[in-house]
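Open the model in your viewer and keep the selection panel at hand. This tour goes stop by stop.

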Amino acid sequence: NFKLEKVAGNVHVLFGAGGNIGVSYGPDGLMTIDTQFARFVPQIKAELAKLGTDKPRFVFNTHFHGDHTGGNVLFGADALILAHDNVLKRLMSKVDRQGKPKEPIAKAGRPMITYGKSLSIHMNGERVKAVHFPHGHTDGDTAIFFTGSNVVHLGDDFFAGRFPFVDINSGGSVPGLVSNIGKLMQMIPADAKIIPGHGPVSTLDDLRKYHEMLVETTTIVRGHMKAGKSYDEVKKAGLPEKYKSWVPERAFISEERWIETIFKSYQMKMKMKK
């Protein structure tokens with residue numbers, strides 16, 4: 001199931017067994033956005049080798065989850081890894097997102113360069129700009145703009161055509177995600193190609209539909225909450241029929257789980273306001 005596909009300009013996408021990997025290849029060499037899982041690095045390298053080399057000079061991590069950073073330790077032998085400050089913090093943490101003990105990532109897999117707001121690499125004839133978006137999918141999310149190729153990798157802020165996973169235990173929030181996608185829609189050129197964290201390569205129109213879904217579903221759940229309904233009542237009420245298509249086969253997040261995420265996220269926001 002590992003497949004390298006041209007997106008536009010210098011940029012390819014590598015579909016596999018985790019988050020979609022963005023790939024830039026040109027005269028200055030290879031760069032990847034995310035690394036999926038360690039056990040699949042041989043398959044990933046076999047696909048990358050088709051371009052000319054399987055050794056990236058640079059690796060960006062869009063956030064800290066294992067299906068995006070698991071291959072870091074193996075790629076880190078050759079590549080310089082870059083990520084938001086909070087990605088390094090979470091990879092180095094001795095507890096996982098559930099608060100259970102875990103081993104910090106091995107030295108080879110740690111980001112060596114971290115940033116707070118943004119950072120650019122000038123490579124393969126274009127500016128590759130990493131921009132941090134706070135408290136969306138996690139507290140360390142980065143969107144990567146390939147300015148010459150007109151491609152944007154949105155990591156897990158964007159689950160194309162499906163309900164997203166928002167990691168509330170790791171600083172993610174539904175209102176933050178809604179806000180981030182709203183901002184991104186203003187920043188992304190109309191004809192850009194968009195690589196989501198999960199799902200097929202998309203357009204700005206696809207991102208708009210995703211934003212509409214986020215706004216509508218959160219408005220529905222918040223309406224129930226304002227009316228004083230319990231979580232069980234909100235879950236039972238469900239979402240309108242048109243949202244059934246947002247749970248494709250083998251989807252990670254069911255309708256029920258998305259309702260629960262919205263409920264918990266806005267419950268936390270209300271508590272913080274008090």
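What follows is a walk through helix packing, nonpolar cores and a few loops.

Keep in mind that this is a predicted model.

**Stop 1: H6 and H8**

Select helix H6, residues 204–226, and helix H8, residues 255–273. At what angle do they pack? The angle is about 65°, and the axes are 10 Å apart. Angles of 65 to 115 degrees count as roughly perpendicular. H6 and H8 are therefore roughly perpendicular to each other. The crossing in which H6 passes H8 is right-handed.

Now show side chains. On the H6 side, pick Met 213, Leu 214, Thr 217, Thr 218, Val 221, Arg 222 and Met 225. They meet Trp 258, Ile 259, Ile 262, Phe 263, Tyr 266, Gln 267 and Met 270 of H8. Colour this contact by class: 10 of its residues are nonpolar, three are polar and one is charged.

**Stop 2: H5 and H6**

Keep H6 and add helix H5, residues 174–187. H5 and H6 pack at about 150°, with 10 Å between their axes. Over 145 degrees counts as roughly antiparallel, so H5 is roughly antiparallel to H6. Here the crossing is left-handed.

From H5, select Val 174, Leu 177, Val 178, Ile 181, Gly 182 and Met 185. From H6, select Leu 204, Leu 207, Arg 208, Tyr 210, His 211, Leu 214, Val 215 and Thr 218. By class, the contact of H5 with H6 holds 10 nonpolar residues, three polar and one charged.

**Stop 3: the largest nonpolar core**

Which residues touch the most other members of the largest nonpolar core? Select Leu 154, Ile 188, Leu 207, Tyr 210 and Trp 258. The core has 39 residues. Strand E9 (126–133), strand E10 (141–146), H5, H6 and H8 each supply at least two of them. H6 gives the most, with seven residues.

Centre on Ile 188. Setting aside neighbours within four places in sequence, Ile 188 is in contact with Phe 145, Val 152, Leu 154, Ile 194, Leu 204 and Leu 207.

Apart from the largest core lies another one, of 20 residues. To find it, select Ile 33, Leu 119, Ile 144 and Phe 146, which are among its members.

**Stop 4: two residues with positive phi**

Most residues other than glycine have a negative phi. Two loops are worth a stop on that account.

Go to the loop between strand E4 (29–33) and helix H1 (41–49), and select Gln 36. Its phi is near 55°, a positive value in a residue other than glycine. Is Gln 36 buried or exposed? Gln 36 is buried, with a relative accessible area of 0%.

Next, go to the loop between strand E8 (118–123) and E9, where Asn 124 is found. Asn 124 also has a positive phi, near 55°. Its relative accessible area is 5%, and Asn 124 is buried.

**Stop 5: Asn 150**

Finish in the loop between E10 and strand E11 (151–153), and select Asn 150. What does Asn 150 contact, leaving aside neighbours within four places in sequence? The partners are Pro 189, Asp 191, Ala 192 and Lys 193. Draw a line between the C-alpha atoms of Asn 150 and Asp 191: they are separated by 7.8 Å. Along the chain, these two residues are 41 residues apart.

Terms used. Residues numbered from 1 in each chain as written. Predicted model: local features only at pLDDT ≥ 70, side-chain atom pairs only at ≥ 80, totals over all residues. Heavy atoms only, no water. Axes fitted to C-alpha atoms, helices over the stretch in contact; angles between N-to-C directions. Helix = DSSP H or I, 4+ residues; strand = E, 2+ residues; numbered from the N terminus. Parallel < 35°, antiparallel > 145°, perpendicular 65-115°, else oblique. Left-handed = near helix turned anticlockwise from the far one by under 90°. Contact = heavy atoms within 4.5 Å. Nonpolar A, V, L, I, M, F, W, Y, C, P; charged D, E, K, R; others polar. Core = buried A, V, L, I, M, F, W, Y, C linked by side-chain atoms within 4.5 Å. Buried < 20%, exposed > 50% of the residue type's maximum accessible area, 1.4 Å probe, protein only.
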